[in-house]
Amino acid sequence: MSDLARGWSRLRAWSASHGPELRLCVRSTTAAVLTLAAAQVLHLPIALWAVLTAVILTQISVGRSLKATIDYLVSTLGGAVYAGAIGALVPPDNQFAMFVGLAIALAPVLLAALNARFSAAPFTAVMVFFGPSITHTGPIAAAFERVIEVAVGCVVGLAISLVVLPARAHDLAVKAATEMLELMARSLPEPFIGFTQSLDRPTLASIQSRIGEAFAQLDKAALEAQHERMTRLRAEPDQAPLLRTLLRLRHDGIMIGRAAVAPLPGVFGARLGPWLARTSDTVADYLHASARALSTRQAPPPLDHVEAALDGYATEITALRQQGLTRQLPDDAVERIFAIGFALDQLHRHLCDLARCLAEFAPARSAAVAPAAASAGPVRP
């Protein structure tokens with residue numbers, strides 16, 4: 001393969017892995033060019049602020065662009081009205097008046113510090129206060145021009161986000177949920193190892209930290225998707241149940257890791273270890289299959305293998321109790337065994353919840369899966 005062909009292959013691979021970023025670049029460039037054209041048609045005094053607004057508000061998803069547009073427009077309007085009034089009441093006729101007026105005009109800094117939605121208000125106040133010295137107009141006219149410039153940038157930026165290679169926050173949230181499911185599936189065997197051998201606690205803590213970061217990304221994308229649903233830009237399933245279920249599954253993994261602080265003693269490790277290993281494998285496979293089902297909008301996978309492994313564990317722990325072996329254990333070991341049973345019970349419940357969530361994201365023909373998953377009873381080890 002020639003150097004040119006290898007370079008082209010690497011470029012295509014890089015482009016495929018950075019699709020959202022490249023689409024954002026196209027949208028931002030288009031928004032900047034069209035905003036400049038609109039500013040010239042409308043004869044805006046300073047097209048710079050309109051272009052900057054359009055670029056700033058063209059975000060990586062429609063939901064984020066919408067939220068940024070609303071926040072920026074509201075804070076700009078408030079800052080412009082306030083600074084325009086200050087400029088009219090305290091005209092900067094001399095140096096002392098300029099310092100006093102600027103200090104008073106920057107009062108919106110407090111509002112921006114209390115609520116990040118109004119972060120543009122102090123910037124707008126400064127621009128409006130010094131606007132007359134740039135455009136040679138009055139403070140009220142400077143405030144009006146500032147609002148018009150921002151409004152033009154907001155309208156064009158939001159329109160481009162909706163039309164040019166739109167990236168839906170819903171799709172980004174589904175992708176983040178899929179990645180979190182895959183991460184949990186890869187990480188699940190690690191805590192289960194602790195039931196039969198020594199557990200690497202730093203590695204387990206690192207795994208939980210990565211899962212927490214993945215959930216934070218999902219939570220952020222789901223919030224942006226909520227803004228899209230509120231404006232009815234696109235009818236999509238509510239992602240809140242899926243978000244709650246993934247958070248609970250993460251907590252299940254934490255509980256299992258805490259229960260696996262030391263290997264199970266003697267006969268309990270020998271008889272329960274294989275069933276716990278089988279449970280780990282089947283649940284990991286189910287999470288992998290669930291990630292594929294979510295990404296392709298397919299029906300949830302069956303829980304048969306998971307439930308068979310959990311039933312086997314429940315049968316074995318019942319036999320151990322009937323033989324009176326649990327009475328020979330120290331209190332801390334008994335508490336750990338009951339903690340394992342509780343964690344597996346919760347894990348089963350939340351996997352059933354996951355099946356219902358996946359059915360909501362799948363076509364209507366898979367909706368019948370949800371009642372079936374709801375009827376599945378909890379594991380009772």
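Trainee: How many salt bridges does the structure hold?

Mentor: There are four salt bridges. Keep in mind that we are looking at a predicted model. Let's take some of these pairs in turn.

Trainee: What makes the pairing of glutamate 316 and arginine 271 a salt bridge?

Mentor: Their side chains come to 2.6 Å, N to O. The cut-off is 4 Å between a side-chain nitrogen of Lys or Arg and a carboxyl oxygen of Asp or Glu, so the pair qualifies. This pair links distant parts of the chain, with glutamate 316 in helix H14 and arginine 271 in helix H13, 45 residues apart.

Trainee: Why is glutamate 316 called buried?

Mentor: Its relative accessible area is 18%. Buried means under 20%, so glutamate 316 falls in that class.

Trainee: And arginine 271, why is that one called partly exposed?

Mentor: Arginine 271 has a relative accessible area of 24%. That value lies between the 20% limit for buried and the 50% limit for exposed, so "partly exposed" is the right label.

Trainee: How do you know that aspartate 345 and arginine 349 form a salt bridge?

Mentor: Here the N to O distance between the side chains is 3.4 Å, and the limit is 4 Å, so this pair counts too. Both residues lie in helix H15, four residues apart, which is about one turn of the helix.

Trainee: Which of the two terms, buried or partly exposed, fits arginine 349?

Mentor: Arginine 349 is partly exposed, because its 38% relative accessibility sits between 20% and 50%. Its partner, aspartate 345, is at 12% and therefore counts as buried, being under 20%.

Trainee: What makes aspartate 353 and arginine 356 a salt bridge?

Mentor: The closest N and O atoms are 1.9 Å apart, so the pair meets the 4 Å cut-off. Aspartate 353 and arginine 356 are also both in helix H15, three residues apart, about one turn of the helix. Aspartate 353 is buried because its 17% is under 20%, whereas arginine 356, at 25%, is partly exposed.

Trainee: Let's turn to the nonpolar parts. Which residues have the most contacts inside the largest nonpolar core?

Mentor: They are Phe195, Leu218, Leu246, Leu276, Leu287, Leu351 and Leu354, in a core of 59 residues. Six helices, H9, H11, H12, H13, H14 and H15, each supply at least two residues of this core. The largest share, 13 residues, comes from H15. Leu287 is a good example: leaving aside neighbours within four places in sequence, it is in contact with Leu181, Met184, Ala185, Leu249, Leu351 and Leu354.

Trainee: Which residues belong to the other core, of nine residues?

Mentor: Among them are Leu44, Ala54, Val152 and Val156, and this core lies apart from the 59-residue one.

Trainee: Why is valine 156 counted as buried?

Mentor: It has 15% relative accessibility, and the limit is 20%, so it counts as buried. Valine 156 is in helix H8 and, beyond its neighbours within four places in sequence, is in contact with Ala31, Leu34 and Thr35. The C-alpha atoms of valine 156 and valine 51 are separated by 9.3 Å, with their positions 105 residues apart along the chain.

Trainee: How do you know that threonine 53 is buried?

Mentor: Its relative accessibility is 1%, which is under 20%, so the term applies. Threonine 53 is in helix H3 and touches Tyr72, Val150, Gly153 and Cys154, not counting residues up to four places away in sequence.

Trainee: What makes the nonpolar surface patch?

Mentor: Trp8, Leu11, Trp14 and Leu22 make the patch, which covers about 430 Å². Helix H1 gives the most to it, with three residues.

Trainee: Why is tryptophan 14 called partly exposed?

Mentor: Tryptophan 14, which is in helix H1, has a relative accessible area of 45%. That is between 20% and 50%, so it is partly exposed. Patch residues need over 30%, so tryptophan 14 passes that test as well.

Trainee: One last thing: what is the reach of H12 from its first C-alpha to its last?

Mentor: H12 has 20 residues and reaches 29 Å, close to the 28 Å expected at 1.5 Å a residue. Its buried residues include Leu246, Leu249, Asp252 and Gly253.

Technical notes:
Residues numbered from 1 in each chain as written. Predicted model: local features only at pLDDT ≥ 70, side-chain atom pairs only at ≥ 80, totals over all residues. Heavy atoms only, no water. Patch = residues over 30% accessible without salt bridge, like charges linked within 9 Å, V, L, I, M, F, W, Y side chains within 5 Å. Areas by Shrake-Rupley, 256 points an atom, 1.4 Å probe, with all protein chains shown as cover. Buried < 20%, exposed > 50% of the residue type's maximum accessible area, 1.4 Å probe, protein only. Core = buried A, V, L, I, M, F, W, Y, C linked by side-chain atoms within 4.5 Å. Contact = heavy atoms within 4.5 Å. Expected span 1.5 Å × (residues − 1).
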